[in-house]
4 protein chains.
Amino acid sequence: MSEALPKTCDDPRERVLRAAERAFVASGFHGARMAQIAKEAKMSPGHIYHYFESKEQIIAEMIRAHYEEKKVTVERYREAGDQVVDMMIDNLKDSVAAKTDPFWSTLMLEIAAEATRNPEVASSIRNMDAELKGRVISYLQDSVRKDNLESRLEIFVALMQGIGMRNILNPSLDKEAVTLILRDVIEVLFRQKD
Amino acid sequence: MSEALPKTCDDPRERVLRAAERAFVASGFHGARMAQIAKEAKMSPGHIYHYFESKEQIIAEMIRAHYEEKKVTVERYREAGDQVVDMMIDNLKDSVAAKTDPFWSTLMLEIAAEATRNPEVASSIRNMDAELKGRVISYLQDSVRKDNLESRLEIFVALMQGIGMRNILNPSLDKEAVTLILRDVIEVLFRQKD
Amino acid sequence: MSEALPKTCDDPRERVLRAAERAFVASGFHGARMAQIAKEAKMSPGHIYHYFESKEQIIAEMIRAHYEEKKVTVERYREAGDQVVDMMIDNLKDSVAAKTDPFWSTLMLEIAAEATRNPEVASSIRNMDAELKGRVISYLQDSVRKDNLESRLEIFVALMQGIGMRNILNPSLDKEAVTLILRDVIEVLFRQKD
Amino acid sequence: MSEALPKTCDDPRERVLRAAERAFVASGFHGARMAQIAKEAKMSPGHIYHYFESKEQIIAEMIRAHYEEKKVTVERYREAGDQVVDMMIDNLKDSVAAKTDPFWSTLMLEIAAEATRNPEVASSIRNMDAELKGRVISYLQDSVRKDNLESRLEIFVALMQGIGMRNILNPSLDKEAVTLILRDVIEVLFRQKD
DNA sequence: CATGAATGAGCGTTCATTCAT
DNA sequence: AATGAATGAACGCTCATTCAT
């Protein structure tokens with residue numbers, strides 16, 4: 001009954017991670033100050049180091065948590081059976097909204113930028129990315145056209161993440177029009193020719 | 001006749017900008033050290049401040065220079081006349097190679113990330129981006145399908161930049177396969193129906 | 001009857017003092033961490049402050065305890081009667097071993113170094129040192145040469161502590177040879193000319 | 001004519017070393033603050049790092065400089081020929097004064113204490129100490145008793161450094177009386193039996 | 001009596017920027 | 001125009017000490 005809520009604001013590690021996320025979005029991994037993270041986590045700077053060894057570790061764990069969330073998100077493809085292309089199209093509006101949320105697109109940008117500089121982070125990201133992509137491919141396998149599936153998926157992911165980046169450079173991006181056009185792109189990328 | 005060569009290695013401002021570009025790609029805007037930029041520009045750190053007020057200004061001007069280069073690049077769309085979709089397809093391999101060049105994709109990432117943090121830079125980028133897009137639209141106008149052209153262009157740009165980001169997260173991206181599939185996407189995005 | 005055993009491992013103050021001693025030898029007064037002392041004393045860091053006001057106080061009391069032990073040690077001179085020079089010579093091997101024990105020589109070094117920095121500690125050490133020396137002089141008085149006895153004793157103590165320091169700077173010090181030579185030095189310092 | 005004075009206050013490295021020496025004597029290696037050293041060296045904290053990589057390096061170089069000075073000091077034994085024991089006795093007053101200078105005895109204490117904790121420093125000190133001792137032995141070789149010479153020298157050095165330590169614990173040490181008694185100790189340690 | 005989570009001042013060090021030359 | 005020595009504020013992080021429980 002009184003089950004501890006998992007991952008609430010009461011878990012101090014989680015509080016730090018959430019605070020760091022906000023600080024990273026606001027100032028970038030390098031620009032974010034431990035003092036700011038501490039303040040947002042309602043914790044003294046020193047106490048953060050009871051939960052994390054370093055700022056680097058906070059970055060690494062936040063990236064990992066980000067991928068864990070993505071894992072959950074892609075599980076819905078598993079359940080879509082052979083309706084997966086229809087599902088992608090049905091969910092398009094939400095997907096575009098998610099990718100154009102400035103919070104998430106900014107974080108994605110930071111993560112990619114960190115991968116270009118920190119080899120340890122890069123390797124970890126690439127492993128997680130590959131695992132995620134492998135899962136998605138196994139879920140799509142039977143219901144979409146199979147030729148060059150991996151590359152088609154790469155293009156789809158590139159497109160969705162690219163939309164996030166475009167929304168940063170052009171926040172007046174017409175999400176509705178984009179959503180409509182994306183339907184055709186998804187059809188051409190994935191629909192099996194009966 | 002003895003016109004000063006514009007943008008050669010002899011122009012010290014240009015030298016700083018090129019050096020900064022390399023340093024930013026290697027270490028990010030925050031990670032790059034003025035000392036490193038000075039060394040690469042073969043100039044003392046102090047002397048950089050004769051040409052630029054601050055590191056921020058170097059970032060801003062480097063981004064501007066980046067857009068100036070892009071302006072030159074898009075001019076070829078102007079010259080393509082009504083063959084523009086064919087030209088996009090013919091150039092696809094080069095375009096993919098350009099977007100997956102780690103140097104440029106890293107720089108693009110830094111620029112986008114900076115836009116999320118520095119409002120002045122963000123505003124300047126958005127102006128330049130809008131101008132660039134306006135030009136491209138005017139060049140495409142007569143030779144591609146006109147419905148929702150701006151959004152179709154956004155999607156195309158998102159896709160190309162997204163491929164750059166994907167290449168960072170997954171450097172074993174199959175560029176050849178991607179190039180092939182992109183042909184179909186371009187057809188569906190831009191080809192006028194008879 | 002049920003007298004509390006003094007100075008056993010059950011006395012928590014004593015446990016802290018012993019733990020501090022080990023930590024100070026391992027890391028120095030400054031390098032030793034309260035957390036380490038607490039761990040060695042099998043006590044929480046916070047609880048140490050029920051027994052001691054500060055780290056400084058632990059240092060001061062540990063030094064005092066060190067002198068109390070020395071007091072016990074010098075009592076044997078009292079019991080030697082007029083055989084004291086012979087006893088010094090007989091005990092030489094043990095004395096050298098004691099002074100070259102890294103534990104005690106390190107502690108001696110820390111104590112002397114602390115005396116150069118902390119005036120309160122310095123004053124307390126000087127009092128205790130003077131008292132100790134006074135006792136030894138009274139024990140030696142009747143059985144050794146009396147001219148300049150205090151200075152002869154100073155030289156003897158300097159020599160023994162100096163050997164401890166030499167053993168730190170040159171751990172391959174030949175203790176056996178040193179012991180042999182010291183016999184002659186003691187003879188010249190203390191033996192009464194019949 | 002206008003020869004640069006070697007090691008004057010104009011050499012900034014030397015200024016840092018001298019400032020560090022004073023700060024180390026006043027507060028110990030650990031207690032001394034870079035800000036304090038900077039202030040005493042009339043230099044900003046940041047600028048110290050143009051000359052030294054770290055506080056550790058300053059400590060290491062100061063110790064080395066200390067040994068270089070000692071090397072110069074022991075050279076006079078070389079020139080004493082077979083009068084070396086007489087010279088030791090003649091110089092005794094100065095030697096005692098040098099060893100009881102609180103500045104130098106405090107520094108010696110810090111150095112020995114550092115050797116018990118920092119293995120790199122310890123190894124360097126031991127090498128320098130061994131070299132120094134080797135030199136002295138070669139200078140004494142022909143004019144003092146040869147049995148166990150190395151250990152006799154160790155005892156002499158221990159005695160002199162021990163006097164420095166005693167002077168810290170008992171600053172009212174009677175240097176004159178000590179000097180007188182030391183003559184006999186030197187005779188017994190080194191004088192050749194005709 | 002006892003805990004250990006929590007604090008926050010202060011450390012060694014870095015680096016954008018300045019300025020005497 | 002050009003240098004590079006010099007600055008000092010600000011960083012990530014540590015640890016003696018406190019205090020709610």
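**Exercise 1. Find the operation that lays chain B on chain A, and say what kind of axis it describes.**

Step 1. In this predicted model, chain B superposes on chain A by a rotation of 179° with 0.0 Å of shift along the axis, at an RMSD of 0.4 Å. The fit is by least squares on the C-alpha atoms of residues with pLDDT of at least 70 in both copies.

Step 2. That is the relation of a two-fold axis.

Step 3. Both copies use the same surface: 100% of the contact residues of chain B recur in chain A. Contact means heavy atoms within 4.5 Å.

Conventions: residues are numbered from 1 along each chain as its sequence is written, and chains are lettered from A and ligands numbered from 1 in the order in which they are written. Local features need pLDDT of at least 70, side-chain atom pairs count only at pLDDT 80 or more, and totals for chains, interfaces and linings use all residues, while side-chain values use heavy atoms, with hydrogens and water left out.

**Exercise 2. Treat chains C and D in the same way, then state what separates chain B from each of them.**

Step 1. A turn of 179° and a shift of 0.0 Å along the axis lay chain D on chain C with an RMSD of 0.4 Å.

Step 2. Here 98% of the contact residues of chain D recur in chain C, so the same surface serves both copies.

Step 3. Chain B has no contact with chain C, and their closest C-alpha atoms lie 33 Å apart. Chain B has no contact with chain D either; for that pair the closest C-alpha atoms lie 13 Å apart.

**Exercise 3. Describe the fold of chain A and place the UniProt features on it.**

Step 1. Chain A has 10 helices and 0 strands. Helices (H or I, at least four residues) and strands (E, at least two) are DSSP runs, numbered from the N terminus.

Step 2. The C-alpha trace of chain A spans about 60 × 45 × 35 Å along its principal axes. Of the 194 residues in chain A, 51% are buried. Buried means under 20% relative accessible area, exposed over 50%, and partly exposed in between, with a 1.4 Å probe and protein chains only.

Step 3. Taking contacts in chain A between residues at least 6 apart in sequence, 70% join residues at least 24 apart.

Step 4. An unreviewed UniProt entry places "domain: HTH tetR-type" at residues 10-70 of chain A. That span is 82% helix and 0% strand, and its end C-alpha atoms lie 23 Å apart. The unreviewed entry also places "DNA-binding region" at residues 33-52 of chain A, a span that is 70% helix and 0% strand with its end C-alpha atoms 15 Å apart. UniProt positions are in the numbering used here, feature names are shortened, and annotations may be inferred rather than shown by experiment.

**Exercise 4. Where do A:Lys42 and B:Asn148 lie, and are they buried or exposed?**

Step 1. Most residues other than glycine have a negative phi.

Step 2. A:Lys42 has a positive phi of about 50° and is found in the loop between α2 (34-40) and α3 (45-51) of chain A. A:Lys42 counts as exposed, at 72% relative accessibility.

Step 3. B:Asn148 has a phi near 55° and lies in the loop between α7 (119-140) and α8 (149-169) of chain B. B:Asn148 is partly exposed, with a relative accessible area of 37%.

**Exercise 5. Analyse α10 (residues 175-190) of chain C: its span, its cap and its packing.**

Step 1. α10(C) has 16 residues and reaches 22 Å from first to last C-alpha, close to the 22 Å expected at 1.5 Å a residue. The expected span is 1.5 Å times one less than the number of residues.

Step 2. At the N-terminal end, C:Asp174 caps α10(C), with a side-chain oxygen 3.1 Å from the backbone nitrogen of C:Glu176.

Step 3. The buried residues of α10(C) include C:Ile181, C:Leu182, C:Val185 and C:Phe190. Among the partners of the buried residues of α10(C) are α8 (119-140) of chain C and α9 (175-190) of chain D.

**Exercise 6. Which residues have the most contacts inside the largest nonpolar core?**

Step 1. A nonpolar core is a set of buried Ala, Val, Leu, Ile, Met, Phe, Trp, Tyr and Cys residues joined through side-chain atoms within 4.5 Å.

Step 2. The largest has 134 residues, and those with the most contacts inside it are C:Phe24, C:Phe190, D:Phe24, D:Ile63 and D:Phe190.

Step 3. A second, separate core of 133 residues includes B:Ala23, B:Ile63, B:Val84 and B:Phe190.

Terms used: A polar contact is a pair of N or O atoms within 3.5 Å; within protein, one must be able to donate a hydrogen and the other to accept it, and residues adjacent in sequence count only if both atoms are side-chain atoms.
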